[in-house]
Amino acid sequence: QGGNRYLKKLTIENQEIQMSRFIVKEMGLIDYKEAWEIQKQLFSELIEKKMKGESGEMQLLLLEHPHVYTMGLHGNTGNMLFSDEMLEKIGAKYYKIERGGDITYHGYGQLVGYPIFDLEELGIGIKQYIWALEEAIIKTVADYGISASRMDGAVGVWLDCGKPSARKIAAIGVKASRYVTMHGFALNVTTNLDYFNYINPCGFVDKGVTSISKETGLTPTLKEVGEKFTKHLEEILG
């Protein structure tokens, strides 16, 4: 079925929602390393099927992580403002991973999305894909009365672009091989923004961070925000 009609299937560990172009898996709170392994498995399986000329299943993993910092392949370690002792003190972990981008933070109250998509199947390139993620986030925060946009030379979604008060509400970092994607986006919903004080987020030293909660005073659930994001992304991808 196309459009916005959901075909729901319940599993023991999570909920799967069949959309017209991809399956959404709501995975809840999950350790970063565990989710990373799941991503790599799904990513490899989709590439393998593609190489055999078979049609694979595209999936969007929606979840939340305990406190963790991740660094992209070519990130600058100078943007890490913490030590191993500090990580232990604040109850956070750190991983260097294979996505693009610099260091970022994931934690409670943040909607994280990992699309395992075949961009050739969707008929788009990597730049269009990143644009689609940004656009879906822009439309999602607009549902809460927040006016957000893109910033020249910086991937992600921002408020007050071009002003001293410019601040980031969502980060994006992806990996693609044979036009199959992994990693994705992180949208601050009710996130404790103090954890960004231990890094230069995405390498920026003169830009702030924000959240839906900070901007509006609202405290929507990640499930609610995830459903809005999924609806917008589905519409954008056609």
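Here are some questions and answers on the salt bridges, sheets and one buried histidine of this predicted model.

Residues are numbered from 1 along each chain as its sequence is written, and side-chain values use heavy atoms, with hydrogens and water left out. Since the model is predicted, local features need pLDDT of at least 70 and side-chain atom pairs count only at pLDDT 80 or more, while totals for chains, interfaces and linings use all residues.

User: How many salt bridges does the count come to?
Analyst: The rule here takes a side-chain nitrogen of Lys or Arg within 4 Å of a carboxyl oxygen of Asp or Glu. One of these networks links Glu 26, Lys 223 and Glu 227. By that rule, the count comes to 12 salt bridges.

User: Lys 52 forms a salt bridge with Glu 48; what is the N to O distance?
Analyst: Take burial to begin with: buried means under 20% relative accessible area, exposed over 50%, and partly exposed in between, with a 1.4 Å probe and protein chains only. Lys 52 is exposed at 55%, and Glu 48 is partly exposed at 45%. Their side chains meet in a salt bridge with an N to O distance of 3.4 Å.

User: Which residue in helix H4 does Arg 150 pair with across distant parts of the chain?
Analyst: Helices (H or I, at least four residues) and strands (E, at least two) are DSSP runs, numbered from the N terminus. Arg 150 is partly exposed at 28%, and its salt-bridge partner is buried at 16%. The N to O distance in this salt bridge is 2.8 Å. The pair links strand S9 (residues 149–151) to helix H4 (residues 126–142), 15 residues apart, and the H4 residue is Glu 135.

User: And how many residues apart are Glu 215 and Arg 167?
Analyst: Their side chains meet in a salt bridge at 2.8 Å, N to O. Glu 215 is partly exposed at 28%, whereas Arg 167 is buried at 18%. The pair links helix H5 (residues 212–216) to strand S11 (residues 167–177), and the two are apart by 48 residues.

User: In what order do the 3 strands of the open sheet run?
Analyst: Two strands pair if DSSP finds at least two bridges between them. Strand S6 (93–96) and strand S7 (104–106) stand at the edges, each with a single partner strand, so one side of each has no neighbour in the sheet. Neighbouring strands are turned by 25° against each other on average, direction ignored. The pairing is mixed, and the order is S6-S5-S7.

User: Which residue in S6 stands opposite Tyr 69?
Analyst: Strand S5 (residues 68–71) and S6 pair in the parallel sense over 4 bridges. S5, helix H2 (residues 84–90) and S6 also make a right-handed β-α-β unit; right-handed means that, with the strands pointing away from the viewer, the path from the first strand over the helix to the second runs clockwise. Opposite Tyr 69 in S6 you'll find Tyr 94.

User: At about what angle to S6 does helix H1 run?
Analyst: Axes are lines fitted to C-alpha atoms, for helices over the stretch in contact (heavy atoms within 4.5 Å). Angles run from 0 to 180 degrees between N-to-C directions. Helix H1 (residues 32–51) lies across S5, S6 and S7, and its angle to S6 is about 30°.

User: Is His 106 buried or exposed?
Analyst: His 106 is found in strand S7. Leaving aside its neighbours within four places in sequence, His 106 is in contact with several residues, including Tyr 32, His 65, Val 112 and Ala 186. At 7% relative accessibility, His 106 counts as buried.

User: Which side chain does His 106 join in a polar contact of 2.9 Å?
Analyst: A polar contact is a pair of N or O atoms within 3.5 Å; within protein, one must be able to donate a hydrogen and the other to accept it, and residues adjacent in sequence count only if both atoms are side-chain atoms. The partner of His 106 here is Gln 110.

User: How many residues of strand S4 are buried?
Analyst: Gln 59, Leu 61 and Leu 63 point one way from S4, while Leu 60, Leu 62 and Glu 64 point the other way, and all are buried. For strand S4 (residues 59–64), that comes to 6 of its 6 residues.

User: Which residue in S8 stands opposite Leu 61?
Analyst: On one pairing, 6 bridges join strand S3 (residues 23–29) to S4 in parallel. S4 and strand S8 (residues 110–116) run antiparallel, joined by 5 bridges. Opposite Leu 61 in S8 is Tyr 114.
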